[in-house]
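Trainee: Before we go through this model, could you show me the sequence and the structure, and then set each label against its definition?

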Amino acid sequence: MQELAGRLRVLDPAASESVKIIDYFDSLIAGGAGVESVVRAAAILGGTTAGARVRGRLLGIDADGARITPTPPASLSDTDAPCVWLQRDTGSAVNDAMIVDRAQVALAIITARADPTTGAVERVIDAAVSRVDREAAAHRLRLDGEVRVVAAPPHSRHVTTASTVLATAEGAVWIGLGEVVPPEGPVGTSVARDLDDLPRACADARLALRLADDRHRVVDAGELGVLVELARAFYPSGPRHPDLAALDALDARTLEALDVVVDSESIRAAATRLSLHHSSLQSRHESWTRQLGYDPLTPRGRARFLAARMLQRLG
């Protein structure tokens, strides 16, 4: 699907966006997402407030992902089927009809096979939900004490107490609650101390998932230490720091080599891992120092590179 979207982006940008919308909702359906995640996806994709009526219940999510009281359109049909609408002050955007259609299809499928624990997982990890409702959800899920939160791609199926799929600005994300961390990746994980800590742990697990790569398939937010504070404070849409711009200018092979070098005990050890002669790698080291503006093999340079590399992955 991603390859098709890439080809269509060149031939027909509008068609490419349609494929991405279909893929987004298909991921939510495949992952067993709940009703709220689908409505939130419609709001994120549409960049505006999305409303829905499902089994008589009205639900509204604004463009920032917050719950609101929706305003049903006058033309809303009187039917038992799930209905979705996008609230705009003027007209409609190009992809509105596609978003509404796919959201309604997703809701129809989800309500037909509804799992009572899915909504409970969404409530228990949402800080905006009242304490009483979150306690009731935790009781239904039989959660008590420390809980491990696992974040993975939406197609994941891991052994956990309960799971759901969330609609986020980064795409659909599978969230599982339980003690079992899958050995394969990519996976992000974090431990919540108690019920009140679950929303924080969920957010950190999602951050950790975004940091997972081929060399680090499972990332535990707890092992990031103080770096997790830096990750939480990072806004990809903000001004690009020169250290990130320097990394952006490097090709994938250079970045991979730098990752290995910074993660190794010495140039010789890194050269062995990269199947290169150490003198060749030494000359590259001098070039990297010029390109980055600092020496990535000094203690401060390593810390600077690792912090910048982490933020680059998040951006």
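Mentor: Let us start with terms: helices (H or I, at least four residues) and strands (E, at least two) are DSSP runs, numbered from the N terminus, and two strands pair if DSSP finds at least two bridges between them. This is a predicted model, in which local features need pLDDT of at least 70, side-chain atom pairs count only at pLDDT 80 or more, and totals for chains, interfaces and linings use all residues. Residues are numbered from 1 along each chain as its sequence is written, and side-chain values use heavy atoms, with hydrogens and water left out.

Trainee: What makes β1 and β2 a pair?

Mentor: Strand β1 (residues 49-54) and strand β2 (residues 57-61) are joined in the antiparallel sense by five bridges, set against a requirement of at least two. V54 stands opposite R57 in β2, and in the hairpin of these strands, with two residues between them, R55 takes a positive phi near 55 degrees.

Trainee: How do you know that β2 also pairs with β3?

Mentor: Two bridges join β2 to strand β3 (residues 67-68), and the strands run antiparallel; the requirement is at least two, so the pair qualifies. I61 has R67 in β3 as its bridge partner, while G65 takes a positive phi near 90 degrees in the hairpin of β2 and β3, which has five residues between the strands.

Trainee: Why is R53 called buried?

Mentor: Buried means under 20% relative accessible area, exposed over 50%, and partly exposed in between (1.4 Å probe, protein chains only); R53 has 17%, so it is buried. R53 lies in strand β1 and, not counting residues up to four places away in sequence, is in contact (heavy atoms within 4.5 Å) with residues including L58, L76, D78 and W85.

Trainee: Why is α3 described as largely enclosed by the rest of the structure?

Mentor: Nine of the twelve residues of α3 are buried, so the description follows; among them are E36, V38, R40 and G46. Helix α3 (residues 35-46) reaches 17 Å from its first C-alpha to its last, close to the expected 16 Å, where the expected span is 1.5 Å times one less than the number of residues.

Trainee: What makes a set of residues a nonpolar core?

Mentor: The members must be buried Ala, Val, Leu, Ile, Met, Phe, Trp, Tyr and Cys residues joined through side-chain atoms within 4.5 Å. The largest such core has 33 residues, and those with the most contacts inside it are L247, V261, L281, L292, F305 and L314. Its largest share, six residues, comes from α10.
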